[in-house]
Amino acid sequence: MAMVMDGEVQLPAPREVVWAKLNDAEVLKACIPGCESLEKLSETEFQAVAVVKIGPVKAKFKGKVRLSDLDPPNGYRISGEGDGGVAGFAKGGATVALTPKDGTQLSYHVDAQIGGKLAQLGQRLVNGAAKNMADQFFKNFVAAVS
Amino acid sequence: MYAFTLHRPSSVRQAANLLAKSEDAKLLAGGQTLIPTMKQRLASPASLIDLSLIEGLSGIELRGRSIVIGAMTRHAEVADSPVVQENLPALAELAGEIGDPHVRNMGTIGGSLANNDPNADYPAAALGLGATIVTNKRRIAADEFFTGMFETALGADEIVTKVMFPLPKKAAYVKFANPASRYALVGVLVSKRGREIRVAVTGAGANGVFRVTAFEEALQRRFGPKSLDGLSVPAAGLNSDIHGSAEYRAHLIGVLARRAVAAAAG
C-alpha cells in the first residue's frame with residue numbers, strides 16, 4: 001500500500017546549522033525512532049537497522065538509506081528501503097526543503113510503500129503509526145538543533 | 001509457533017518481578033491480540049508471562065457507588081453479569097458487542113485497556129465513564145491513562161489489577177462496527193454522573209480514544225440529543241483508511257453521539 005504525508009516544522013536554528021545536522025549520521029540516528037544503528041558507507045549512503053514497534057507488533061528493519069538531489073543548504077531527498085523479514089518491506093523517501101524564516105522552516109513530503117504482512121494486517125494502523133513516527137522524529141530533531 | 005519461555009506466576013508480585021528482570025517479555029492476559037500477532041510472526045517476544053493462574057485478578061463486585069472489575073475478567077463475564085446489567089447496563093452491552101464469542105470468552109478487560117488499540121471498545125468505556133485503573137503500583141485516572149495509539153501511562157513493570165467504574169446516572173454506548181472484525185469504526189460513549197458529563201470516542205482518533213469537550217459543554221446546558229444540533233467534530237486528526245475517510249468518521253461521531261444521548265436520556 002502507498003502512503004503520502006506532508007508537513008512543516010519550525011526549527012529554532014539558522015539554515016546552515018539545520019543542513020549540517022541533517023547530514024550528520026549521529027544526529028539522524030538519535031532522531032529516527034527505534035534506530036539501533038546507522039553506519040556511514042559513503043558521504044551519501046548509510047546502512048541502517050531500526051526496530052518498529054506499533055502496539056503488539058515489533059519488527060526489525062534492515063536496509064540502506066541514501067541522500068540524493070543534494071542542494072546545500074536548500075534541501076535534499078532522503079530515501080531508503082528496508083527489509084523486515086516475515087513482517088514485510090518498506091520503501092520510500094522524503095523530500096526536505098529548508099527556508100530561512102524565524103530560524104528555519106523545514107517542509108517535507110513523504111511518499112512510502114509498505115508490503116507484506118505488515119501492510120495486509122496493519123492497514124487500519126499504518127497511517128497513524130507513520131504520522132506518529134514522523135512527529136517523534138521531528139520532536140527529536142527540534143531538540144537536536146536547539 | 002517458535003520457541004519462547006512461558007512463565008506462569010501465581011502472584012502479581014512474582015509477575016512484576018519476572019517482567020522487570022526478563023528481557024523482551026510480554027504479559028499474556030486473554031491473548032486475543034498478542035497470540036494472533038505472534039502467529040503471524042509480527043512479534044516474537046523471548047518470554048511470555050501468563051497471568052491466568054494468579055488468584056484474585058478476576059471477578060466483579062459492587063463496592064459502594066462503584067463497580068470493581070478484576071483485570072483478568074473476560075468480556076463475556078462482564079456482559080453476562082447481573083451486577084453490571086442492573087447497575088451499569090451500558091457497560092454490559094458494550095462488553096457483549098466486543099468481537100465474536102471466541103474473543104469475548106478469552107479477552108480480558110485489563111488486556112484490552114493495556115493494549116489501548118485505537119479501535120477497541122473498552123478504552124471508550126474507561127474514559128467515557130471516568131474509570132480508575134488500578135495497578136500493582138498506583139491508581140491512574142482514565143483521563144491520564146491513555147496517552148496515544150497503543151500507548152498508556154503504564155510503566156515497564158506495571159500490571160493492571162482492576163478497574164473501578166463509578167456508577168453514572170445515565171450512560172449509553174453506540175458503535176458503528178466493522179462487519180468483519182466488529183472493531184469500532186467509530187464508537188461513542190456518553191455518560192452523566194452528577195454534574196459531570198463525558199463524551200468519549202474510540203475508533204476515530206489517530207491517537208486513540210478522546211473526549212469531545214464541545215459536545216460535553218453543550219450537554220451541560222441540557223442533556224438531550226437536540227443539544228448537539230449543529231455541532232460537529234473537525235476531520236483533521238481523525239483516521240482515514242479503506243473502511244472510511246476522516247470526514248466520514250467525523251460525521252459518524254455526530255450521528256452516534258446523538259443516538260447515544262437519546263438512548264441514555266430515554
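Modeller: A residue counts as buried if 20 or more other C-beta atoms, placed from the backbone, lie within 10 Å of its own (exposed means 12 or fewer, partly exposed is in between). A nonpolar core is a set of buried Ala, Val, Leu, Ile, Met, Phe, Trp, Tyr and Cys residues joined through C-beta atoms within 7 Å. Bear in mind that this is a predicted model: local features need pLDDT of at least 70 and side-chain atom pairs pLDDT 80 or more, while totals for chains, interfaces and linings use all residues. Residues are numbered from 1 along each chain as its sequence is written, with chains lettered from A and ligands numbered from 1 in the order written.

Colleague: Okay, so which residues touch the most other members of the largest nonpolar core?

Modeller: The core has 108 residues, and the top ones are Ala126(B), Val186(B), Val188(B), Val190(B), Val201(B), Ala257(B) and Ala260(B). Helix H11 of chain B, residues 246–265, gives the largest share, seven residues. Helices (H or I, at least four residues) and strands (E, at least two) are DSSP runs numbered from the N terminus.

Colleague: And what does Ala126(B) touch?

Modeller: Contact means C-beta atoms, placed from the backbone, within 7 Å. Leaving out residues up to four places away in sequence, Ala126(B) touches Leu113(B), Ala131(B), Ile133(B), Ala142(B), Phe145(B) and Val163(B).

Colleague: Let's try sheets. What is the strand order in the open sheet of chain A?

Modeller: Strands pair if DSSP finds at least two bridges between them. Here seven strands run S1-S7-S6-S5-S4-S3-S2, with antiparallel pairing. Strands S1 (2–11) and S2 (35–42) of chain A are at the edges with a single partner strand each, so one side of each has no neighbour in the sheet. On average, neighbouring strands are turned by 20° against each other, direction ignored. Helix H1 of chain A (residues 15–22) packs on this sheet, touching S1, S6 and S7 of chain A, and its direction makes about 165° with that of S6(A). Axes are lines fitted to C-alpha atoms, for helices over the stretch in contact, and angles run from 0 to 180 degrees between N-to-C directions.

Colleague: How many bridges join S6(A) to S7 of chain A?

Modeller: 12, with S6(A) and S7 (residues 104–115) antiparallel. They form a hairpin with three residues between them, and Asp102(A) in the turn has a positive phi of about 45°. On the other pairing, S5 (residues 75–83) and S6 (residues 89–100) of chain A are antiparallel over nine bridges. That hairpin has five residues between its strands, with Gly85(A) in the turn at a positive phi of about 60°. Follow Gly93(A) across: Ser79(A) stands opposite Gly93(A), and Gly93(A) stands opposite Asp111(A) in S7(A).

Colleague: Last one: which element gives the most to the side of chain A that touches chain B?

Modeller: The contact takes 18 residues from chain A and 20 from chain B. H3(A) gives the most to the chain A side, with 10 residues. By class, that side has nine nonpolar, five polar and four charged residues. Ala, Val, Leu, Ile, Met, Phe, Trp, Tyr, Cys and Pro count as nonpolar, Asp, Glu, Lys and Arg as charged, and the others, Gly among them, as polar.

Methods:
Two residues are in contact if their C-beta atoms, placed from the backbone, lie within 7 Å.
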